[in-house]
Amino acid sequence: MKNHLKTLRAERGWSQTELAERLQVSRQTVNAIENERYDPSLPLAFRIARTFGLPIEDIFEAP
Amino acid sequence: MMKCFSPIPRRYLIELGAAMLVYALVLCLSIFLLKTGYFDGPSATLVALLPTLPCIAACWAVLRQFRRLDELQMRVQLEALGFAFAGTALLSFSYGFLEGVGWRPLSMFTVWPVMAVLWVVGGVIAARRYR
């Protein structure tokens, strides 16, 4: 699934480690989602949306 | 402070390390007691099984670590364990068939190290898929 996680993270000046701590996941998980190697679960997608203060559909695009 | 999901958390290392330390001590004690010759029959069986008690603590530490993993780490571990489970079945059954035609019988102690190696290999393969 396409997503804008890397761009949004860069806009806020967060490192992958910082975002991982905010989401309570590993840095590898953030990296896998950014590289579109892994699609997060719905609860994690909602946590990501809440962390960025955006609706889910502004972060993730349907394939 | 935020919860950190490092690959091998300190808490896990402490819990598993403590369990393995107790295991090593109990194993030495068990071997020593068996060598004294005081134990025979059912009592020798019980003394020989003493090291399994700290192994239960090690299992508990591993399960606690699994519950601390995030969803991707959990998936990687699932794939790694699936690989190890299937691979161990394949190898152990294959060798069992070979024992039937005269190959040297192997100790049960060989099974888990094989599974552990396959677990590591499976983990590396699975982790690479999500890199």
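**Two chains and their contacts**

Me: How many salt bridges does the rule find across the interface of chain B and chain A, and what makes a pair count?
Reply: It finds zero there. A pair counts when a side-chain nitrogen of Lys or Arg lies within 4 Å of a carboxyl oxygen of Asp or Glu. This is a predicted model, where local features need pLDDT of at least 70 and side-chain atom pairs need 80 or more, while totals for chains, interfaces and linings use all residues. Residues are numbered from 1 along each chain as written, chains are lettered from A and ligands numbered from 1 in written order, and side-chain values use heavy atoms, without hydrogens and water.

Me: What makes Glu34(A) and Arg9(A) a salt bridge?
Reply: Their side chains meet at 2.4 Å, N to O, and the limit is 4 Å, so the pair qualifies. Glu34(A) sits in helix 3 (residues 27-34) of chain A and Arg9(A) in helix 1 (residues 5-12), 25 residues apart. Helices here are DSSP runs (H or I, at least four residues), numbered from the N terminus. Over all chains, the count is six salt bridges.

Me: Which residues form the nonpolar patch, and why is it called a patch?
Reply: They are Phe83(B), Val117(B), Val121(B) and Ile125(B), with about 330 Å² of accessible area together (Shrake-Rupley, 1.4 Å probe, only the protein chains shown as cover). It is called a patch because its members have over 30% relative accessible area and no salt bridge, and nonpolar side chains are joined within 5 Å (like charges within 9 Å). Helix 5 (residues 111-129) of chain B gives the largest share, three residues, and Val121(B) is found in that helix.

Methods. Helices (H or I, at least four residues) and strands (E, at least two) are DSSP runs, numbered from the N terminus.
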